[in-house]
Structures are given as C-alpha cells and as structure tokens.
Amino acid sequence: MDSTSHELPMRTLERTASQLGCSLTDEKLALYLDEHDNLKNFQECFHIPKMKDLPLIDLSLVNEDENSIYLLGNSLGLQPRNVKKYLEEELEKWAKMGGYGHEIGKRPWITGDECIVHHMINIVGAHKDEIGLMNGLTVNLHLLLLSFFKPTSTRFKILLEAKAFPSDHYAIESQLQLHGLNVEKSMLMIKPREGEDTLRMEDILEVIEKEGDSIAVILFSGVQFYTGQLFDIPAITKAGQAKGCFVGFDLAHAVGNVELHLHDWGVDFACWCSYKYLNSGAGALAGIFIHEKHAYTMKPALAGWFGHKLESRFNMDNKLDLIPGVNGYRLSNPPILLVCALEASLEIFSQTTMKTLRRKSILLTGYMEYLIKHYYSKDKTASNKPFVKIMTPSHIEHRGCQLTLTFSIPMKSVFQELEKRGVVCDKREPSGIRVAPVPLYNSFHDVYRFIKALASAISAAKLK
Ligand SMILES: *Cc1c(COP(=O)(O)O)cnc(C)c1O
C-alpha cells in the first residue's frame, strides 16, 4: 500500500553486510546500521527505562545501568522528555493566574486541542478540519457509530473482524443493541481461513461483494492488534463504498506506525488512541477523523457546548451554532494536561515524516524477522530444537513494525525469562508474544540484544 518506494529489507541487509565483509548475524552490522541511521538522535527525546528499574528484572542476568530492551511501543509508547516541562508550564499558569489561563499563554485552555492539531495532519494524512482531538478511542468510536450507523430494514449489518479488539467488539455489540437489533444477525464477523492466522484481502473483498447490500458500516482495524497484519485500507474503503456502505477504521495500531492518507483514500471516518505509537501516556487524548465530504451532511447525535462555534459559544444563548465536520462532535472543554503530553510527542513527529520513519521501520523489523528466522526456524532434522513462528505477514506491505511470535515451547515461560532479561514486550492470549521495534527510539542494536536475550530465554525456558 505505502511501501512500493521502499527497498526490500533483505536486499539492504545483504548489501550492507557484504560491504562490511561480515555475516548478517554479526553485531557489526547492527552497529553500522545505527551509526548511519538519520533518525538515531530521536532516541534522546525519550526516557528509556533502565534495566534496574524494571519490576521483574533479574539483576544477575543483566547490566543494571544499561537501557532495557523496550519493544512495547505498540502498547505504551515511551515518555517524551518534554512532557514534564509542558505539564509544568500549564500547572504553573494555573497556580499563578487561575481562570485567566483559559485565554492566555502558549496554550490557551479553551483552544488547547486546536493549538496542536496541525501536528496530526501528516501523521494521518488528513486536512486540519477533518481531525479532532478529544475523549478516548472507544468514546470516539461510539460517537462515530451514533452518526454513521443508521440501520434500515434492509441495510442493518456491521462488518468487522472476528478477532477485533474487545473494546471495538463491545462498542459494536452495544450499538446494535441500542437500535434493538439482533446481534447475531447484524454483527458480521470475518475470520481467517482454517489453519491460517491472518485474513486474506480476497476473502475480505468477497464478503463485501456478497453481503455489501445489507451492510451499513464496515469497521476494520488499520493494523490488527494481535497479529500485526496491516490491511489494505484504500481497497477496503473503495470496495465498501461501491456497495453503498460507510467505511471506517480503528487506527489504534496504525497511527504513528504506518503511512496513512485518510483524506485521499476517501475513508469515511476513523479513530485512534495516542498512547501506543504516539507516545502520549496512558489514557491520552484520542483522535477522530471525519472526511470533509461529510462535513455538512453528518451531524453528531449527541451535542455539547464545545461543538458550538467559538465566536458565539460564550453568548450562552442555548441556540446551538454547530461547527461543521468533526469538531462539532466535541462535547467538553479540552483536558489541557492531556494536551501537554500529546504536544510533547507530536512535536517530535513533526521533525520528520511518516515516510522516513516507515523506511527505517521496514528495515528494523525486517532485520528482526531475518534473525528470528535464521536462528529459530523449524528444523525437521532436529525435532528437539525449539522453534519460533512469526504469525505476522512477511510481506512489508501487510505489516507495520510489530511481529507476533508463537513458540514450540510454553509461551509463558519464554515470556517470564524475557522479562528477567530486561526485554519489555507483552504476551497476548491465546499464544502470542508481541514485539515492536519502533523507529523513533529503537535501534538496530536493540534488535540484536533482543535476539541474544531470546536465545538465553528459550534455553532457560526449555530447562523448566
Ligand atoms: C488499544 C486499543 C483500544 C483501546 O481503547 P481505549 O478506548 O483507548 O481504552 C481499542 N481498540 C483497539 C483496536 C486498540 O488497539
């Protein structure tokens, strides 16, 4: 989708190793790639947890003053160094001038969200007026569905993935119930083929073609949280709209991870959270997108005073003069402390481009994939040797930075051993360990250290 201009990672790795006269598994390769990485200085914009501060670390196995191997940016991104500074600025303003802070200073509180929204334009590929910063992801998903899901007697279904994130599943289920619909008949869930982990585009398109006339809304993730699969957003959008459906995306795992062009792709609506790849802290201010083609036709089902135009908002005359488009969906005044954290993070993104980040990301994840396959492919001649399977698609256009791994030995023991060795990642039921090297603050050497820790963790887990 977005990677046609990027060189395949194996080609870069092989070319570089051959220039260096070393093998692809040599530490030299990682160190060289870091040295020549234009993005390497961004690491300094973040607090990277030290080995000694991790709760489940075994200090006999690591150097306590070293940085941990943080591969959890898909779940909670690291803290940008400026978060504290910006929070202090607003706390001080509040302490010194109280309510005057609403209209004064670097971020007048009334327009706190609007002061930083321009940083999101290139991250999601949308016009400023198509993007809102408000609430949390699930709240925004509900607000969007309240507008876009208007079931009729013939078109009443919502199409989603069978293994959608629980919150999305519950949101859809409860929206159907709100309309008094039969959940079983209206919730159309698409699953991978028997024996497969990820969805095939042809199967998604076939369901849309066959069932499209009865589907009101298609809601897909951009990148699947469990498998790491990146969906073809423009193709799903086009196919769904050709059948008369609204097509929306939950971009929780896509935003800040892959290139997005929501406006050009004609996506109807989207939402995302800002604490994963966008590094803005747990419960951060979330994002919401409504395409400008709907600005004057779609209205919020629920209204609040921050959806009223600013010029007359404070006239308090109780005659709602609604802002067209997504910003009319705002209900409350923006939470300024969350704005501070988001600003500190988005400012970093504004110093580069998603295309540049993605270029490094493809190589970084490709490097990790190569090393895992090299050391841990299933070996038919050595049936005792543990192996690791990568569930995430191998094709660079079908994944972001995350790889989901499954193991021939119990995953929980491997995970515990990784934690002792300072690898911060997560396990997800039923059987996957997710690792996400992110291009902003992870290095090639982090990946190299991860592979060493993995070797030691697998040996230790095997002995249990
Ligand atoms: C992380 C995530 C959520 C979390 O929802 P919140 O409302 O931010 O708690 C929801 N959906 C998906 C797909 C996610 O990845």
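## Contacts with the ligand

A polar contact here is a pair of N or O atoms within 3.5 Å. With that cut-off in hand, take Lys-276 in this predicted model: an N or O atom of the Lys-276 side chain sits 2.5 Å from an oxygen atom of the ligand. Two aspartates deal with nitrogen instead. The side chain of Asp-168 has an N or O atom 2.6 Å from a ligand nitrogen, and for the side chain of Asp-250 the distance to a ligand nitrogen is 3.2 Å. How much of the ligand's accessible area does the protein cover? On its own the ligand has 390 Å² of it, and 81% of that is covered by the protein.

Besides Asp-168, Asp-250 and Lys-276, the ligand is surrounded by Leu-137, Thr-138, Phe-165, Ala-252, His-253, Cys-273 and Tyr-275. Sorted by character, the shell comes out as 5 nonpolar, 2 polar and 3 charged residues.

## Two nonpolar cores

Now for the packing. In soluble globular proteins, nonpolar side chains tend to be buried together. The largest nonpolar core here has 106 residues, and the members touching the most others are Val-124, Phe-220, Trp-272, Phe-407 and Phe-450. Where does this core lie relative to domain 1 and domain 2? It lies between them, because domain 1 (9-70 + 353-463) and domain 2 (87-351) both contribute residues to it.

A separate core of 27 residues lies apart from that one, with Leu-144, Leu-145, Ile-172 and Val-183 among its members.

## Cysteines without bonds

As for disulfides, the structure holds 0. Why is Cys-115 not bonded to Cys-340? The closest cysteine sulfur to that of Cys-115 is indeed the one in Cys-340, but at 10 Å it is too far for a bond. Cys-115 is partly exposed, at 28% relative accessible area.

Cys-271 is in no disulfide either, and its nearest cysteine sulfur belongs to Cys-273, 9.0 Å away. With 0% relative accessibility, Cys-271 counts as buried.

Terms used:
Residues numbered from 1 in each chain as written. Predicted model: local features only at pLDDT ≥ 70, side-chain atom pairs only at ≥ 80, totals over all residues. Heavy atoms only, no water. Core = buried A, V, L, I, M, F, W, Y, C linked by side-chain atoms within 4.5 Å. Buried < 20%, exposed > 50% of the residue type's maximum accessible area, 1.4 Å probe, protein only. Domains from an automatic or database assignment. Near = heavy atom within 4 Å. Polar contact = N/O pair within 3.5 Å; in protein donor to acceptor, adjacent residues only side chain to side chain. Areas by Shrake-Rupley, 256 points an atom, 1.4 Å probe, with all protein chains shown as cover. Nonpolar A, V, L, I, M, F, W, Y, C, P; charged D, E, K, R; others polar. Disulfide = S-S within 2.5 Å.
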